[in-house]
Amino acid sequence: MAAWRDVEQAEPEFAARVRRLFDAGRHKTIATLRADGSPRISGIECEFADGELRFGSMPGARKGADLRRDPRFALHGPAFHPVEGKEDEWPGEAKIAGRVVLAGQAGEEAAGDLFLADISEAVVTRLNPEATLLVIESWTPQRGLEVTERE
């Protein structure tokens with residue numbers, strides 16, 4: 001299992017950028033799989049704590065049912081658009097994918113589910129300093145950090 005601490009230990013500068021992008025806004029988007037295999041997109045909040053990426057699901061929420069049935073997920077940090085003429089100032093966006101591990105209940109009363117992320121990939125998409133190329137930084141536990149530039 002690749003916990004958040006594993007990303008931080010393997011690539012501290014990259015992990016700091018991912019976390020900064022995720023922490024830039026409260027609301028994230030998670031993709032889960034419905035019982036019929038089709039995708040479901042939901043809003044979610046998450047936190048980095050004690051070397052883990054964790055998030056919860058309220059009682060009766062469909063995303064929680066999805067994750068209990070099929071633990072695969074893709075999580076997208078808050079989205080900010082590049083400002084025309086100031087594209088070089090765009091911080092980029094971050095995504096994390098993997099599987100969840102049910103870690104118990106979230107909260108005290110009418111508690112939902114608490115999930116920990118088993119991270120299979122973390123990605124930062126940004127522009128190069130000249131804002132002429134798209135830069136994709138992708139980390140997996142198997143291959144480490146890989147950087148690709150595209151026009």
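The expected span of a helix is taken as 1.5 Å times one less than its number of residues, helices (H or I, at least four residues) and strands (E, at least two) being DSSP runs numbered from the N terminus. The model is a predicted one, in which local features need pLDDT of at least 70 and side-chain atom pairs count only at pLDDT 80 or more, whereas totals for chains, interfaces and linings use all residues. Residues are numbered from 1 along each chain as its sequence is written, and side-chain values use heavy atoms, with hydrogens and water left out.

The chain comprises three helices and nine strands, which follow one another from the N terminus in the order α-α-β-β-β-β-α-β-β-β-β-β. Its radius of gyration, taken over C-alpha atoms, is 16 Å, which agrees with the value near 15 Å for a compact globule of 151 residues, the globule rule being 2.2 Å times the number of residues to the power 0.38. Along the principal axes, the C-alpha trace spans about 50 × 30 × 30 Å. Of the 151 residues, 42% count as buried (buried means under 20% relative accessible area, exposed over 50% and partly exposed in between, with a 1.4 Å probe and protein chains only). Of the contacts (heavy atoms within 4.5 Å) with a separation of 6 or more, 51% are between residues 24 or more positions apart.

Helix α2 (residues 12-23) has 12 residues and an expected span of 16 Å, which agrees with the 16 Å between its end C-alpha atoms. Within α2, Phe 14, Ala 15, Arg 17, Val 18, Leu 21 and Phe 22 are buried; seen down the helix axis, the buried residues fall within an arc of 160° and so line one face, the arc being that of the directions from the axis to the C-beta atoms. Pro 12, Glu 13 and Arg 20 are exposed on the other side of α2.

Strand β1 (residues 28-33) pairs with β2 in the antiparallel sense over six bridges (two strands pair if DSSP finds at least two bridges between them), and Thr 29 stands opposite Gly 43 of β2. Five residues lie between the strands of this hairpin, where Gly 37 takes a positive phi near 90°. Strand β1 is also joined to β5, antiparallel, by three bridges, with Ala 31 opposite Ala 74. In a regular strand the side chains alternate between the two faces of the sheet. In β2 (residues 39-44), Arg 40, Ser 42 and Ile 44 form the covered face, and Pro 39, Ile 41 and Gly 43 the uncovered one; in β5 (residues 72-76), Phe 73 and Leu 75 are on the covered face, whereas Arg 72, Ala 74 and His 76 are on the uncovered one.

His 76 is further joined, side chain to side chain, to Glu 93 by a polar contact of 3.5 Å (a pair of N or O atoms within 3.5 Å; within protein, one must be able to donate a hydrogen and the other to accept it, and residues adjacent in sequence count only if both atoms are side-chain atoms). Glu 93 belongs to strand β6 (residues 93-106) and, leaving aside neighbours within four places in sequence, has contacts that include Leu 21 and Val 123.

Strand β4 (residues 52-57) contains Ser 57, which counts as buried at 4% relative accessibility and whose side chain reaches the backbone nitrogen of Gly 64 at 3.2 Å. Arg 54, also in β4, is partly exposed, at 22%, and its side chain makes a polar contact of 2.8 Å with that of Glu 47.
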